[in-house]
Amino acid sequence: MVSIWEYLRGDKSYTFDNPGGQHKVILTKSAPQHAITGSAATTGYLYVNLHWSMRAGAGRPSTGASIKRFFSPRIFSPQEPDSPQNEPVNVDLDLACMYELSDGSTGVVQPLGGLFGDLQSAPFIKLSGDDQYGAPSGETMYVNLEKKDKFKRLLIFVYIYDGTPAFEQSQAVVTIVPQTGPRIEIKLEERARAARSCAVVLIENAGDNQLTVRREVRYVNGFQADIDRLYGFGMQWQRGYKNHSGGE
């Protein structure tokens, strides 16, 4: 089993695997919900992984891409493309999480703005890094379940930071892995031609020793602010960039 500290430090490149077993549950429209119960809901870390593939023939983004950033106390959402006629041939998906804690505070963990989170203090969520090229390990987020009582709800979402809006061509899969029990898999394979974001799965604290994991897969033509309005987190957003030449 991969040490969380090895992964977070980036000492090696790992293919995402399930530390709890080989079985998996695939959430679908007809079977959208699964419960994580017992010690799996209250101990260790919950792993959330996004894996995606670049479209055939795509290359890495140009190192001459914009590195402009807006620094602000408000939360970032991606800058709109300058022109639909100049769409890149590749796609850069980002894994992110809006959270509401039990004390009512809200926020987001995402690559944009360098909001990678923290495991030992609020929000008790940590993003391992920003994969811009569809690497085998993808992007992984960790949730500290030792602090389960601090959580009210977590909304895992994915947005297309750069590239053509075509989720069904990215072969994107979000996988949730508890310490024990089956991994939970959600595929983003529906056609949503104009969508640039997708609210993938909602994880709610159901009390006692249980987390409820519910498939959402709601495609949105806009970005974080639009997802926020759908789920009522009540945050303020503004446009922003990230550095494509060297990552966050």
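**Figure 1. Cys-198 and Cys-97, two buried cysteines in a predicted model.** In this predicted model, Cys-198 has a relative accessible area of 0% and is therefore buried, since the cut-off for that class is under 20%. Cys-97 likewise counts as buried, because its relative accessibility is 0%. When the whole structure is searched for disulfides, 0 are found. For the term itself, a disulfide is a covalent bond between the sulfur atoms of two cysteines.

**Figure 2. The edge-to-face pair of Tyr-47 and Tyr-142.** The structure contains 4 aromatic pairs, and the one shown in this view is formed by Tyr-47 and Tyr-142, whose rings lie 5.1 Å apart, centre to centre, with an angle of 65° between their planes. Because Tyr-47 belongs to strand E3 (residues 45–51) and Tyr-142 to strand E9 (residues 139–144), the pair ties together parts of the sequence that are 95 residues apart. Tyr-47 and Tyr-142 are both buried.

**Figure 3. The tilted pair of Phe-167 and Tyr-219.** The ring centres of Phe-167 and Tyr-219 are separated by 5.4 Å and the ring planes meet at 55°, so this pair is classed as tilted. Phe-167 is in helix H2 (residues 167–170) and Tyr-219 is in strand E14 (residues 210–220), so the contact ties together parts that are 52 residues apart in sequence. With a relative accessibility of 0%, Phe-167 counts as buried.

**Figure 4. Arg-153 over the face of Phe-233, and the distance from Arg-153 to Val-213.** Arg-153 is placed over the face of Phe-233, at 3.9 Å from the centre of the ring. Arg-153 also serves here as a reference point for Val-213, which is 60 residues away in sequence and 9.9 Å away in space, taken from C-alpha to C-alpha. Val-213 lies in strand E14, and Val-213 is buried, its relative accessible area being 0%.

**Figure 5. The largest cavity and its lining.** The search of the whole structure finds 2 cavities of 30 Å³ or more, and the largest cavity, shown in this view, has a volume of about 50 Å³. Its lining is made up of Leu-46, Val-143, Leu-145, Phe-151, Lys-152, Arg-153, Leu-154, Ile-203, Glu-204, Asn-205 and Leu-211. Two or more lining residues are given by each of strand E10 (151–163) and strand E13 (197–205), and the largest share, 4 residues, comes from E10. By character, the lining of the largest cavity divides into 7 nonpolar residues, 1 polar residue and 3 charged residues. Arg-153, which lies over the face of Phe-233, is one of the lining residues.

**Figure 6. The cis peptide bond at Pro-123 and the positive phi of Phe-124.** Ala-122 and Pro-123 are joined by a cis peptide bond, for which omega is about 15°. Pro-123 is placed in the loop between strand E7 (117–118) and strand E8 (125–127), and Phe-124 is found in the loop between E7 and E8 as well. Although Phe-124 is not a glycine, its phi is positive, at about 65°. Phe-124 is buried, having a relative accessible area of 8%, which is under the 20% cut-off.

**Figure 7. Val-217, a residue of strand E14 with positive phi.** Val-217 is located in strand E14, and Val-217 has a positive phi of about 45° although it is not a glycine. At a relative accessibility of 8%, Val-217 counts as buried.

**Figure 8. Met-235 and Gly-107, separated in sequence by 128 residues.** The C-alpha atoms of Met-235 and Gly-107 are 7.2 Å apart in space, whereas the two residues are 128 residues apart in sequence. Met-235 is placed in the loop between helix H3 (224–231) and strand E15 (237–240). With 14% relative accessibility, Met-235 counts as buried, because the class takes in values under 20%.

**Figure 9. Ala-96 and Thr-140, separated by 44 residues along the chain.** Ala-96 belongs to strand E5 (residues 91–101), and Ala-96 counts as buried at a relative accessibility of 0%. Between the C-alpha atoms of Ala-96 and Thr-140, which are 44 residues apart along the chain, the separation is 9.6 Å.

Key: Residues numbered from 1 in each chain as written. Predicted model: local features only at pLDDT ≥ 70, side-chain atom pairs only at ≥ 80, totals over all residues. Heavy atoms only, no water. Disulfide = S-S within 2.5 Å. Buried < 20%, exposed > 50% of the residue type's maximum accessible area, 1.4 Å probe, protein only. Phe/Tyr/Trp six-rings, centres within 6.5 Å; stacked < 30°, edge-to-face > 60°. Lys NZ or Arg CZ within 6 Å of the ring centre and 35° of its normal. 1 Å grid on protein atoms, 1.4 Å probe; cavity = no way out; pocket = protein on both sides within 12 Å on 5 of 7 lines; lining within 4 Å. Points joined across faces, edges and corners; volume = space filled by probe spheres on them. Nonpolar A, V, L, I, M, F, W, Y, C, P; charged D, E, K, R; others polar.
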